[in-house]
Amino acid sequence: MRCPFCGGPDTQVKDSRPSEDSSAIRRRRVCPDCGGRFTTFERVQLRELVVLKRSGKRVPFDRDKLQRSIDVALRKRTVDPERVERLVSGITRRLESGGEGEVTSEAIGEAVMEGLKGLDDVAYVRFASVYKNFREAQDFQDLLGTLGGRLEGDVPLPDDEQAAPAQPDEEAVPRRRRPARKSM
């Protein structure tokens, strides 16, 4: 294994142990040239998967890309990293054991959406908005409708409020808007 710090060709394994869910072997390594220490993970790969993209292009399946896309959807959400790892491993295992060497990007996207729906509603909506290329607010509303009564704050309106739209009050003072928050 090549050292990520100095590029040295040989590194030594100092410690090996199974990961928390026993789906990988965690190895602590040290480089004899620079003394750098790092961790690698060894996983079972049942077969080489090829992803068929919407454009017709074929690319090798990349577990790290799957992990990154789920991490982006879960950014700033309090979800146990072990649950995320189990989700990624489960999706990968399901795809590899599917019987075919080629899988569509749509199948991967649907599997991720299904997994995120059970893990975190906000991450599910984030991922779906990018995956399904939402263009207007109605797209979000339709997706939120699929979550049903699971969302907190869903309070049905009385029948008379649903039928008649609210009339603007002529004496109402316009509300001041807050400035948009800058993301860092």
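Let me begin with one residue, Phe38, which counts as buried, since its relative accessibility is 9% and the cut-off for buried is under 20%. Please keep in mind throughout that this is a predicted model.

What does Phe38 pair with? Its partner is Phe5, and the two form an edge-to-face aromatic pair, with 6.3 Å from centre to centre and 70° between the planes. In case those two numbers seem an odd choice, a pair of aromatic rings is described by the distance of the centres and the angle of the planes. The pair links distant parts of the chain, because Phe5 lies in the segment before β1 (12-18), while Phe38 belongs to strand β3 (residues 37-43), and the two are 33 residues apart. Is Phe5 buried or exposed? Phe5 is exposed, with a relative accessible area of 54%, whereas Phe38, as I said, is buried. A search of the whole structure finds 1 aromatic pair.

Since Phe38 has taken us to β3, let us turn to the sheet, which is an open one of 3 strands in the order β1-β2-β3, with antiparallel pairing. Here β1 and β3 stand at the edges and each has a single partner strand, so one side of each is left without a neighbour in the sheet. From one strand to the next, the twist averages 25°. If we look at one of these pairings in detail, β1 and strand β2 (residues 24-30) are joined in the antiparallel sense over 6 bridges, and Ser16 stands opposite Arg27 in β2.

Now to the helices, where I would like to consider α4 (residues 121-131) and α5 (residues 137-147), whose axes come within 11 Å and cross at roughly 140°. That angle makes α4 oblique to α5, because only angles over 145 degrees would count as roughly antiparallel. The crossing of these two helices is right-handed. Which residues of α4 and α5 meet? On the α4 side they include Tyr124, Val125 and Ala128, and on the α5 side they include Phe140, Leu143 and Leu144.

In the loop between α4 and α5 we find Asn133, a residue other than glycine with a positive phi, near 55°. Asn133 counts as partly exposed, at 44% relative accessibility. Another positive phi, near 65°, belongs to Lys76, which is again a residue other than glycine. Lys76 sits in the loop between α1 (63-73) and α2 (81-96), and with a relative accessible area of 79% Lys76 is exposed.

Definitions and conventions:
Residues are numbered from 1 along each chain as its sequence is written. This is a predicted model: local features need pLDDT of at least 70, side-chain atom pairs count only at pLDDT 80 or more; totals for chains, interfaces and linings use all residues. Side-chain values use heavy atoms; hydrogens and water are left out. Rings of Phe, Tyr and Trp (its six-membered ring) pair if their centres lie within 6.5 Å; planes under 30 degrees apart count as stacked, over 60 as edge-to-face and the rest as tilted. Helices (H or I, at least four residues) and strands (E, at least two) are DSSP runs, numbered from the N terminus. Buried means under 20% relative accessible area, exposed over 50%, partly exposed in between (1.4 Å probe, protein chains only). Two strands pair if DSSP finds at least two bridges between them. Axes are lines fitted to C-alpha atoms, for helices over the stretch in contact, and angles run from 0 to 180 degrees between N-to-C directions. Angles under 35 degrees count as roughly parallel, over 145 as roughly antiparallel, 65 to 115 as roughly perpendicular and the rest as oblique. A crossing is left-handed if the near helix is turned anticlockwise from the far one by less than a right angle, and right-handed if clockwise. Contact means heavy atoms within 4.5 Å.
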